[in-house]
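Colleague: I have a structure open here and would like to go through a few spots with you. Could you take a look?

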Amino acid sequence: MKKFLMAAIGGTLAGAVLTTQVAGPLLAQDEGRSTTVYQQLDLFGDVFERIRAQYVEEVEESELIEAAINGMLSSLDPHSSYLPPEDADAMRVQTRGSFGGLGIEVTQEEGFVKVVSPMDDTPADQAGVLAGDFITHVDGESLLGLTLDEAVDLMRGPIGSEIIVTIVREGEDEPFDISIIRDTIKLTAATVRQQGEAVVIRITTFNDQTYPNVTEGFSEVVEEMGGLDNVEGVVLDLRNNPGGLLKQAIAVSDAFLEGGEIVSTRGRDPEESDRVNAQPGDITEGKPLVVLINGGSASASEIVAGALQDHHRGVVVGTKSFGKGSVQTVMPLRGDGAMRLTTARYYTPSGRSIQALGVSPDIVVEQPQPSPTAAEDEEETNGRPPRTEADLRGSLNNDSLSEDEIRQIEQEREEAEEAAQLRDEDFQLSYAVDLLHGLSTFGRE
């Protein structure tokens, strides 16, 4: 018993010594880290005072503080930033679907502003700005060395005023200028229309209007087509969609899924990870689905494409998406400002992160760039419609067809001509509609 007691005391003493040996250095390390932080804050204070007292021109103290805060956030990643009160208010307005500007979603790469995507029917889109373009100058002023917020500030201005942006584009030998007239950007988050026997859902952004636009528009078009039985399938067009609200991406994904995971988010703290599952109910009742993406499809649009691809709910067609797989949380700050901070990465149902990788399409289909010269040549050579047997003088009539059969042939000819026109206007969408037709025919058989 005495030996056992001594062993127990020895074990307790050993434990105490071990605890002291481990905890002591850890506490000292924490104290050392805190000391370093306070020393750096003192250094910041010294620099601030030197600038305020000795800089060649008088500076606003509040602007210095804002610049320091924004510099700290922008050093983390391209998507974290400080939003002064006016910018925070503008962002809240933008999520509601109306704001002033050029109509482009941008990021920063290699010191220059890179266009993620131009928004449909906005001044930038109408002026010819494309996803992947680099903006190097604004009104002749170089953007090199500026933060993203500073570059965006240069692009802001009164509605109706002109801005000249210098573009560097892949495939073009020299930079070139584009003139854009600033305007109020009123976004329709989603439009739904009939294309042949398919329904095309075009989503330009994910704001508070997106899910209602999709579901209400889909119901109206299906009713005009005489019900789902007359619908071959759905094309979900997410091209040049820069993203937006995560909850709207989840709602749109859920609209086409009967169940299963939509997306998971994982932050720094494992306990803050989240997983969202779909609820029963597919608005298309299982109709074939083709999802269109390109290099301008980012963030929330990649969540939708990734979820539908992983569940084999739709065929993803187009080119690789942008690859923004991080979640930003907007946190209100004192003084009506806000902080946009990257707080998590998101993952598709299969557990893959698309950060910097993007969503790869199941079928790669490039969108041909329009060439004015080629279009003029084609117009010259194809100015006259092709001659057929029916155009020949004295040709025989086909008296074996009934009037109904003739009408059906004429209707099929009109549909073929519409398909050919669509192929010239939007090759990727034309491919998606043709693919839907094939999937629908295979399904019926």
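**Working through the model**

Modeller: Glu86 is a good place to start, because its relative accessible area of 53% makes it exposed, though please keep in mind that this is a predicted model.

Colleague: Okay, and which helix does Glu86 lie in?

Modeller: Glu86 belongs to helix H3, which covers residues 85–96.

Colleague: Which residues form the negative surface patch?

Modeller: The patch is made up of Glu86 together with Glu58, Glu60, Glu63 and Glu66.

Colleague: Changing topic, how many residues of helix H8 are buried?

Modeller: In H8, residues 300–310, 11 of the 11 residues are buried, so the helix is largely enclosed by the rest of the structure. Among those buried residues are Glu302, Gln309 and Asp310, as well as Ile303, Val304 and Leu308.

Colleague: And what do they pack against?

Modeller: The buried residues of H8 pack against helix H7 (246–256) and against several strands, including S12 (233–237), S13 (261–267) and S18 (338–347). H8 is then followed by His312, which has a positive phi, near 55°.

Colleague: One more: is Thr122 buried or exposed?

Modeller: Thr122 counts as buried, because its relative accessibility is 2% and the cut-off for buried is under 20%. Thr122 sits in the loop between strand S4 (112–118) and helix H4 (123–127).

Colleague: Which residues is Thr122 in contact with, leaving aside neighbours within four places in sequence?

Modeller: With those neighbours left aside, Thr122 is in contact with Leu102, Gly103, Ile185 and Leu187. Thr184 is 62 residues from Thr122 in sequence, while their C-alpha atoms are 8.7 Å apart in space.

Notes
Residues numbered from 1 in each chain as written. Predicted model: local features only at pLDDT ≥ 70, side-chain atom pairs only at ≥ 80, totals over all residues. Heavy atoms only, no water. Patch = residues over 30% accessible without salt bridge, like charges linked within 9 Å, V, L, I, M, F, W, Y side chains within 5 Å. Areas by Shrake-Rupley, 256 points an atom, 1.4 Å probe, with all protein chains shown as cover. Salt bridge = Lys/Arg side-chain N within 4 Å of Asp/Glu carboxyl O. Lys, Arg positive; Asp, Glu negative; His and termini not counted. Charge placed at Lys NZ, Arg CZ, Asp CG, Glu CD. Helix = DSSP H or I, 4+ residues; strand = E, 2+ residues; numbered from the N terminus. Buried < 20%, exposed > 50% of the residue type's maximum accessible area, 1.4 Å probe, protein only. Contact = heavy atoms within 4.5 Å.
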